[in-house]
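Here are my notes on the structure, set out as numbered points for you to check against the coordinates. They deal with side-chain pairing, burial and the cysteines.

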Amino acid sequence: YTRGTVTAFSPFDARADAEALRKAMKGMGTDEETILKILTSRNNAQRQEIAAAFKTLFGRDLVDDLKSELTGKFETLMVSLMRPTYIFDAHALKHAIKGAGTNEKVLTEILASRTPEEVRNIKQVYLQEYEANLEDKITGETSGYFQRLLVVLLQANRDPDGRVDEGLVEQDAQILFRAGELKWGTDEEKFITILGTRSISHLRRVFDKYMTISGFQIEETIDRETSGDLEKLLLAVVKCIRSVPAYFAETLYYSMKGAGTDDDTLIRVMVSRSEVDLLDIRQEFRKNFAKSLHQMIQKDTSGDYRKALLLLCGGDDE
């Protein structure tokens, strides 16, 4: 069951696609249109089959050819589409923590939004692909409560959804209220434990109860009482507990709003959610931002890059 915009293409012929791609890149000039049409309309598993057929038929690496024939944001988008799904997040995290400066935004976006099962998978793939422990790498590059909440999320031990105990809901809401609104200085540890380990359905009730007790949305308290990377991570976790598609709609909106576009974020979200919940993200986008995702991409990007993003987006929500 998927709420993605990209699904398996049928009838699918990996060799025919490989041949069309080779032809599009052979000789003088590149036929970008063919490349983007094929790669945005096949799902990830099919793209892997095309790459295998490409190597079989021509003894060439499809990704290397794409890199040498394409440039800029369009190249980044096409190469991202070619990355095997299960490696996608591990790869993004690896690049977020390598070299000078850590990209906290990427750590936040991925670890706040993925399910415990997905996080376990990411850790395993990271170890296989990069022969390194993801948690060690992240703790080596982060500090303070930001680091601690990331570590809690990396444990992927959130309580599974089950029957919600109203007594515990009340208790957690009171603890958060005392830790946030009532105290000088916030007891960050309480926030980290509760937000990082309780079940989704339990926390949704806790947020309602918190509002009743304090008169504030929990987001407002986090905003007032914390700052920097920790604040951004706490907010991302809260938003994802409320609704993952709404969180990504907002992430996409802010990647394009104002001057300049955060293309890395735009590409990462469009590619990673295209087979998961992009239809739901589009719905939330339309509801919350008075325009469609399609319209915003149309306005904010150009060229083959825009064409490919619009095809991934899949449609306009008038």
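**Notes on side-chain interactions**

1. Lys-299 is exposed, its relative accessible area being 60%, and in this predicted model the residue forms a salt bridge with Asp-300, with 3.9 Å between the closest N and O atoms. Its partner Asp-300 has a relative accessible area of 21% and is therefore partly exposed. Since a salt bridge is counted here when the nitrogen lies within 4 Å of the carboxyl oxygen, you may wish to look at the 3.9 Å of Lys-299 and Asp-300 with that cut-off in mind.

2. By the rule applied, the structure holds 23 salt bridges. One of them joins the side chains of Lys-105 and Asp-262, with an N to O distance of 2.7 Å, and this pair connects distant parts of the chain, given that Lys-105 belongs to helix H7 (residues 104–113) while Asp-262 lies 157 residues away in the loop between helix H16 (244–256) and H17. Lys-105 is partly exposed at 49% relative accessibility, and Asp-262 is likewise partly exposed, at 21%.

3. Arg-282, in helix H18 (residues 278–289), has a relative accessibility of 9% and so counts as buried. The residue forms a salt bridge with Asp-317, the closest N and O atoms lying 3.1 Å apart, and here too distant parts of the chain are linked, as Asp-317 is in the segment after helix H20 (303–313), 35 residues from Arg-282. When neighbours within four places in sequence are left aside, the contacts of Arg-282 are Thr-5, Leu-293, Cys-313, Gly-314, Gly-315 and Asp-317.

4. Cys-313, one of the contacts of Arg-282, is buried with a relative accessible area of 0%, and Cys-240 is also buried, at 7%. How many disulfides does a search of the whole structure find? The search returns zero, and for Cys-313 the reason is distance, because the closest cysteine sulfur, that of Cys-240, is 20 Å away and thus too far for a bond.

5. Eight aromatic pairs are found across the whole structure. In one of them, the ring centres of Phe-54 and Phe-58 are 5.2 Å apart and the planes meet at 70°, which means that the pair is edge-to-face. Both residues belong to helix H3 (residues 44–58), and because they are four residues apart, about one helical turn separates them. In general, an α-helix has 3.6 residues a turn, so residues three or four places apart point the same way. The burial of the two rings' residues should be read separately, for Phe-54 is buried at 0% relative accessible area, whereas Phe-58 is partly exposed at 30%.

6. Elsewhere among the aromatic residues, Tyr-253, Tyr-254, Phe-285 and Phe-289 are joined by ring pairs into a cluster. Charges over rings also occur: the charged end of Arg-42 sits over the ring of Phe-9 at 3.8 Å from its centre, and Lys-94 lies over the face of Tyr-130, with 5.1 Å to the ring centre.

7. Helix H17 (residues 263–273) deserves a separate entry, as this helix is mostly covered, with ten of its eleven residues buried. Charged side chains are included in that set, among them Asp-263, Arg-268 and Arg-273, and the buried residues of H17 also include Leu-266, Ile-267, Val-269, Met-270 and Val-271.

Terms used: Residues numbered from 1 in each chain as written. Predicted model: local features only at pLDDT ≥ 70, side-chain atom pairs only at ≥ 80, totals over all residues. Heavy atoms only, no water. Helix = DSSP H or I, 4+ residues; strand = E, 2+ residues; numbered from the N terminus. Buried < 20%, exposed > 50% of the residue type's maximum accessible area, 1.4 Å probe, protein only. Contact = heavy atoms within 4.5 Å. Phe/Tyr/Trp six-rings, centres within 6.5 Å; stacked < 30°, edge-to-face > 60°. Lys NZ or Arg CZ within 6 Å of the ring centre and 35° of its normal. Disulfide = S-S within 2.5 Å.
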